[in-house]
Amino acid sequence: MVRGMRSSSDVEYSAVGEGLGMREFWLYVWLRRLAVVAAHIISLGLVILTSILSRPGTKGILLFSAEGSPFCFKSRKWKVRLHWFFQALLLVCGATGFGFMVASKNIKEHPHFTSWHSLLGVATMAATVLQAICGVFLLFPKLISTHSFPRLRLYHATCGLVAYLLATVTVVSAMFTDWFQASVTDTIWYIFLLLPLFPALVVMNQITSAFLPKKKITS
């Protein structure tokens, strides 16, 4: 065989697919793509429905999915810019919401951070800020040494995963509040309870698959 060429039977794949035959492997790939697309729809739908109920998840990392991103036809550089836009918007919205909640508590003279929902919200904001700090250094690599870049990418992804999981738990905890249970009841409440969990599993799978060591399978 010519040096530098790979056999057609050698396939690079994630460690998650180890032990699968070729037919099962491609079925697994298509199921993952469908899962990512479903995660987009559920995340967006959950945000819209919650916004309607409040009467005033998740999409940053999913933009990089090669299996179901709505911007898969764009370059990685374009995706990075869009990722930064969504993450910056998330920080602005989170900080604004945090400010309104503190002001509301002050006006009503209620104590701060007395519920699990509020404590989880603070932890989510802290993890998101740490992720953004790592992202700034990744966006401007001249600020750090080249040896620190791979480790910083891992920290950035880890903070993002922790922030997303904390956000999921925060959203789920909000469903146990008197306000939400007064707005949503019976079977619909259980559907809302399960909706945030599916995108969280997809995001967790995407991040862990991206940073797990790649293995090789031959058919």
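A residue is taken as buried under 20% relative accessible area, as exposed over 50%, and as partly exposed in between. Leu130, with a relative accessibility of 49%, therefore counts as partly exposed. The residue belongs to helix H4, which covers residues 116-139, in a model that is predicted.

Leu130 is also one of the residues of a nonpolar patch on the surface. The other members are Val129, Ile133, Val136, Phe137, Leu139, Phe140 and Leu143, and the accessible area of the patch, Leu130 included, comes to about 680 Å². In soluble globular proteins, by contrast, nonpolar side chains tend to be buried together. Helix H4 also holds Ala127. With a relative accessible area of 9%, Ala127 falls under the 20% limit and is therefore buried. The C-alpha atom of Ala127 lies 6.8 Å from that of Val162, although the two residues are 35 positions apart in sequence.

For the protein chain as a whole, the secondary structure consists of eight helices and two strands. Their order along the sequence is β-α-α-α-α-α-α-α-α-β. The chain has 219 residues, of which 28% count as buried. Its exposed surface amounts to about 14,400 Å², and 70% of this area is supplied by carbon and sulfur atoms.

Helix H3 comprises 33 residues, from 76 to 108. The expected span is 1.5 Å times one less than the number of residues, so H3 should extend over 48 Å; the C-alpha atoms at its ends are 47 Å apart, in agreement with that value. Lys79, Leu82, His83 and Gln87 are the buried residues of H3. An α-helix has 3.6 residues a turn, so residues three or four places apart point the same way. After H3 comes Glu109, with a positive phi near 60°. A positive phi, near 55°, is also found at Phe113, a residue other than glycine. Phe113 is located in the loop between H3 and H4, and at 40% relative accessibility it is counted as partly exposed.

Six aromatic pairs are present in the structure. In one of them, the ring centres of Phe85 and Phe86 are 5.7 Å apart and the planes meet at 65°, so the pair is classed as edge-to-face. The relative accessible area of Phe86 is 27%, and the residue is therefore partly exposed. Phe180 and Phe192 form an edge-to-face pair as well, with 5.5 Å from centre to centre and 75° between the planes. This pair joins distant parts of the chain, since Phe180 lies in helix H6 (residues 178-183) and Phe192, twelve residues away, in helix H7 (residues 186-194). Both Phe180 and Phe192 are buried. A single aromatic cluster is made up of Phe176, Trp189 and Tyr190.

The largest nonpolar core contains seven residues: Val172, Met175, Phe180, Val184, Trp189, Phe192 and Leu193. Helix H7 makes the greatest contribution to this core, with three residues. A second core, separate from the largest one, has six residues, among them Leu161, Ala200, Val203 and Ile207. Trp189 thus belongs both to the aromatic cluster and to the largest core, while Phe180 and Phe192 are paired edge-to-face and are members of that core.

Asp186 is also part of helix H7. Its phi is positive, near 60°, in a residue other than glycine. With a relative accessible area of 62%, Asp186 is exposed, whereas Phe192 of the helix is buried.

How values were computed
Residues numbered from 1 in each chain as written. Predicted model: local features only at pLDDT ≥ 70, side-chain atom pairs only at ≥ 80, totals over all residues. Heavy atoms only, no water. Patch = residues over 30% accessible without salt bridge, like charges linked within 9 Å, V, L, I, M, F, W, Y side chains within 5 Å. Areas by Shrake-Rupley, 256 points an atom, 1.4 Å probe, with all protein chains shown as cover. Salt bridge = Lys/Arg side-chain N within 4 Å of Asp/Glu carboxyl O. Helix = DSSP H or I, 4+ residues; strand = E, 2+ residues; numbered from the N terminus. Buried < 20%, exposed > 50% of the residue type's maximum accessible area, 1.4 Å probe, protein only. Phe/Tyr/Trp six-rings, centres within 6.5 Å; stacked < 30°, edge-to-face > 60°. Core = buried A, V, L, I, M, F, W, Y, C linked by side-chain atoms within 4.5 Å.
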